[in-house]
Amino acid sequence: MSAAARVLELLVERGETLAVAESLTGGLVAAELTSVPGASRSFRGSVTAYATPLKRDVLGVDGALLAERGAVDPEVARQMAAGVRRFLGADWGMATTGVAGPEPQDGKAVGTVYVAVSGPDGVENMAELRLNGGRADIRMESVRSVLELLSAELGKYARAQDTEQNGGN
């Protein structure tokens with residue numbers, strides 16, 4: 001089972017929804033999710049905020065943060081995930097931002113990528129990636145990584161819910 005299919009299955013089991021904010025992946029995460037039959041049961045949509053001003057104006061990323069650190073930053077990724085979750089009315093949000101190449105950006109090396117998830121009850125997680133390869137390799141590994149990050153969070157979240165429902169045992 002693909003990471004996208006696993007994520008969608010977990011979301012359907014919980015009756016929860018997902019929204020995606022993408023920068024360097026340019027819609028590849030959404031394409032991966034929508035390649036799974038039945039994705040519409042939990043996938044609400046995505047925002048491809050490739051241009052930095054869109055991260056601020058559409059997703060609500062702090063403008064001062066963007067001016068100070070640039071778009072390739074862990075806090076930017078976190079705010080993108082939370083912002084798309086709010087903007088599209090989803091239970092979970094996930095985001096990708098980074099440098100696919102061929103040139104460095106905002107003082108960050110090619111292959112520097114941040115992926116983040118935001119979920120119910122204040123759940124947030126972010127991963128910093130240092131990826132090798134060409135532009136296509138970096139973008140595809142970013143897709144895989146953000147899906148794996150969400151899959152892991154959904155697994156943790158499910159175990160916590162089960163523990164609460166079963167009296168903590």
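A crossover is called right-handed if, with the strands pointing away from the viewer, the path from the first strand over the helix to the second runs clockwise. In this predicted model, local features need pLDDT of at least 70 and side-chain atom pairs count only at pLDDT 80 or more, whereas totals for chains, interfaces and linings use all residues. Residues are numbered from 1 along each chain as its sequence is written, and side-chain values use heavy atoms, with hydrogens and water left out.

**Overall architecture**

The chain has 6 helices and 5 strands; these are DSSP runs numbered from the N terminus, helices being H or I with at least four residues and strands E with at least two. Their order along the sequence is α-β-α-β-α-α-α-β-β-β-α. The C-alpha trace spans about 50 × 35 × 30 Å along its principal axes. The radius of gyration of the chain is 16 Å, which agrees with the value near 15 Å for a compact globule of 169 residues; the radius is taken over C-alpha atoms, and the globule rule is 2.2 Å times the number of residues to the power 0.38. Buried residues account for 49% of the 169 residues, where buried means under 20% relative accessible area, exposed over 50%, and partly exposed in between (1.4 Å probe, protein chains only).

**Strand β1 and its partners**

Strand β1 (residues 18-22), helix α2 (residues 28-34) and strand β2 (residues 43-48) form a right-handed β-α-β unit. β1 and β2 pair in the parallel sense over 5 bridges, two strands being paired if DSSP finds at least two bridges between them. Leu18 stands opposite Phe43 in β2. β1 also runs parallel to β3, joined to it by 5 bridges, and Ala19 has Gly93 of β3 as its bridge partner.

In a regular strand the side chains alternate between the two faces of the sheet. In β1, Leu18, Val20 and Glu22 point one way and Ala19 and Ala21 the other, and all are buried. Because 5 of the 5 residues of β1 are buried, this strand is largely enclosed by the rest of the structure.

Val115 belongs to strand β4 and counts as buried, with 0% relative accessibility. Val115 and Ser23 are 92 residues apart in sequence and 10 Å apart in space, C-alpha to C-alpha.

**Loops with unusual backbone geometry**

The loop between β3 and β4 (112-118) contains Pro102, and the peptide bond from Gly101 to Pro102 is cis, with omega near 15°. Two residues that are not glycines have positive phi, as tabulated below.

| Residue | Phi | Loop | Relative accessibility |
|---|---|---|---|
| Asp106 | about 50° | between β3 and β4 | 39%, partly exposed |
| Asp121 | about 60° | between β4 and β5 (124-130) | 66%, exposed |

**The largest pocket**

The largest pocket has a volume of about 200 Å³. Of the 17 residues that line this pocket, Tyr50, Gly98, Val99, Ala100 and Gln105 are the closest to its centre. On a 1 Å grid over the protein atoms alone, a pocket is an open set of points where a 1.4 Å probe fits, with protein on both sides within 12 Å along at least five of seven lines; lining residues have an atom within 4 Å of a point. Grid points are joined across faces, edges and corners, and a volume is the space filled by probe spheres set on the points.

Helix α3 (52-57) and strand β3 (92-98) each supply at least two residues of the lining. By class, the lining has 8 nonpolar, 6 polar and 3 charged residues; Ala, Val, Leu, Ile, Met, Phe, Trp, Tyr, Cys and Pro count as nonpolar, Asp, Glu, Lys and Arg as charged, and the others, Gly among them, as polar.
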